[in-house]
Amino acid sequence: MVENVRSSNSVPALVIVALVMGLIIGFVFGLTLPSLVSSKSERVLAYEEVAAQSAVEEAAKLAVQRGFDSPEYDLVYKTLSGGELYDGPSLAQSMPIETKEVWLSWMRNNRNDSPFFLEERWKLAHDFVESSELRRPQDVRAFLLAPREHFVREQNLNLAYADTWLPIGFGATITDPDVVAMMTTTLDIKSGDRVLEIGTGSGYQSAILAYLTQEVYTIEIIKPLYIETDALYRDLEKSFPAYGSINRKLGDGYYGWEEYAPFDKILVTCSIDHIPPPLLKQLKADGIMVLPLGPPGRQYIMEVKKNIAEDGNITLTRRDVYNGLGVSFIPFRDETGASYSTSVPVEKKVISQ
Ligand code: SAH
């Protein structure tokens, strides 16, 4: 009887011992197994890093031979500049602008601009803040980062920060800085927005856009001007990495850039008397287009918002953003050089009356 009781008691005792052993083994494996797995993946990561490093070294050798146009150059460039520097909006965000002194000292430590032009740039930016032509802080930052002195022609260097448009050859102009500021602020660009500019010209406007979003697309129709500005960007990229993110194309901007459509924002920097339908089509719902609208010789800067109702009906909201002030942009032309505007130029109308 006593024996019986003992033996019936010993079965649960064995079960308990087995359970405890199981728990201990499980606990030990639970602790060590993940660390075994992770140390393996760390090793893989280390191998990958070495492989990437030697791929970059290999690419660097080829880039020296093949030059700026090669994909090897792009790889080396992107690796060396790092995400942070390459990303214009992040750079702009990290720049202090509370006072001229802190800004100047940051610029001296982080960039290579001439002190003379920095003083002028600060002054112009603050004139535009006062006149409300620059409204949002991020637009002020973008304006303060774009070195206009590199985008004007050498003979006009002393006018780089004068509030006026300047000729850049091929019958084109770099737009007045206040109009650039106004159009930029109106676009209300957020980091990550996909923005299309029609009329690359000097490249100055897109240089500003590159500090507001990583997704800038710009089209120029005059081939030698396109080549000149493309070369300028490649040269400037060494000191201003954000320009490496500007996607550029030679072509007729009337038809937009289908491959990358739709766009959050579209900026037209040549004058036209109607909204190009292909551009309107490539604008997202609730997207904003800014363009100098009107006949040759006199236009108004219009903000066009595209609203799509639930039933698919499209309506446009138009607003003159410059309080009725007239501007005169160079014409939007097709590939034969003919203007897309159908109206009779204002000057001609006056003469014939
Ligand atoms: N955004 C420029 C302004 C340049 S002036 C800047 O900041 O410097 C306008 C530009 O529009 C000219 O370079 C002109 O060649 C270009 N342009 C005119 N018609 C065009 C078209 N159909 N497609 C693309 N660019 C055009």
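Helices and strands are runs assigned by DSSP, with at least four residues for a helix and at least two for a strand, and they are numbered from the N terminus. With that naming in hand, you can place Ser 132 in the loop between α5 (115–130) and α6 (137–145). Keep in mind as you explore that this is a predicted model. A good place to begin is the ligand, which occupies the largest pocket.

**The ligand and its shell**

- The ligand has 25 residues around it, and the nearest of them are Ser 202, Glu 220, Asp 252, Gly 253 and Arg 333.
- By type, the shell around the ligand is made up of 11 nonpolar, 10 polar and 4 charged residues.
- Three strands each give at least two residues to this shell: β2 (172–174), β3 (194–198) and β4 (215–220).
- Strand β2 supplies the largest share of the shell, with 3 residues.

**Polar atoms close to the ligand**

- Look for Glu 197, where a polar side-chain atom is 2.8 Å from a nitrogen atom of the ligand.
- Gly 253 places a backbone N or O atom 2.8 Å from a nitrogen atom of the ligand.
- At Gln 205, a polar backbone atom lies 3.4 Å from an oxygen atom of the ligand.
- How much of the ligand does the protein bury? On its own the ligand exposes 580 Å², and the protein buries 99% of that.

**Thr 218 and its partner**

- Thr 218 belongs to strand β4.
- Is Thr 218 buried or exposed? Its relative accessible area is 0%, so Thr 218 counts as buried, given that the cut-off for buried is under 20%.
- The side chain of Thr 218 makes a polar contact of 2.8 Å with the side chain of Glu 197.
- Glu 197 is also the residue with a polar side-chain atom 2.8 Å from a ligand nitrogen, which makes it a handy landmark to find on your screen.

**Two residues and their partners in space**

- Ala 172 sits in strand β2, and its relative accessible area of 8% makes it buried.
- Measure along the sequence and Ala 172 is 157 residues from Phe 329, yet their C-alpha atoms are 9.2 Å apart in space.
- Arg 108 is part of helix α4 (residues 100–110).
- Why does Arg 108 count as exposed? Its relative accessibility is 57%, and exposed means over 50%.
- Between Arg 108 and Leu 118 there are 9.6 Å from C-alpha to C-alpha, with a sequence separation of 10 residues.

**Backbone details in the loops**

- Where is Pro 262 found? It lies in the loop between β5 (246–250) and β6 (263–268).
- The peptide bond leading from Ala 261 to Pro 262 is cis, with omega near 0°.
- Ser 132 is not a glycine, but it has a positive phi of about 65°.
- With a relative accessible area of 37%, Ser 132 is partly exposed.
- Asp 188, in the loop between α7 (177–187) and β3, also has a positive phi, near 50°, and is a residue other than glycine.
- At 30% relative accessibility, Asp 188 is partly exposed.

Key. Residues numbered from 1 in each chain as written. Predicted model: local features only at pLDDT ≥ 70, side-chain atom pairs only at ≥ 80, totals over all residues. Heavy atoms only, no water. Near = heavy atom within 4 Å. Polar contact = N/O pair within 3.5 Å; in protein donor to acceptor, adjacent residues only side chain to side chain. Areas by Shrake-Rupley, 256 points an atom, 1.4 Å probe, with all protein chains shown as cover. 1 Å grid on protein atoms, 1.4 Å probe; cavity = no way out; pocket = protein on both sides within 12 Å on 5 of 7 lines; lining within 4 Å. Sits in = over half its atoms within 2 Å of the grid points. Nonpolar A, V, L, I, M, F, W, Y, C, P; charged D, E, K, R; others polar. Buried < 20%, exposed > 50% of the residue type's maximum accessible area, 1.4 Å probe, protein only.
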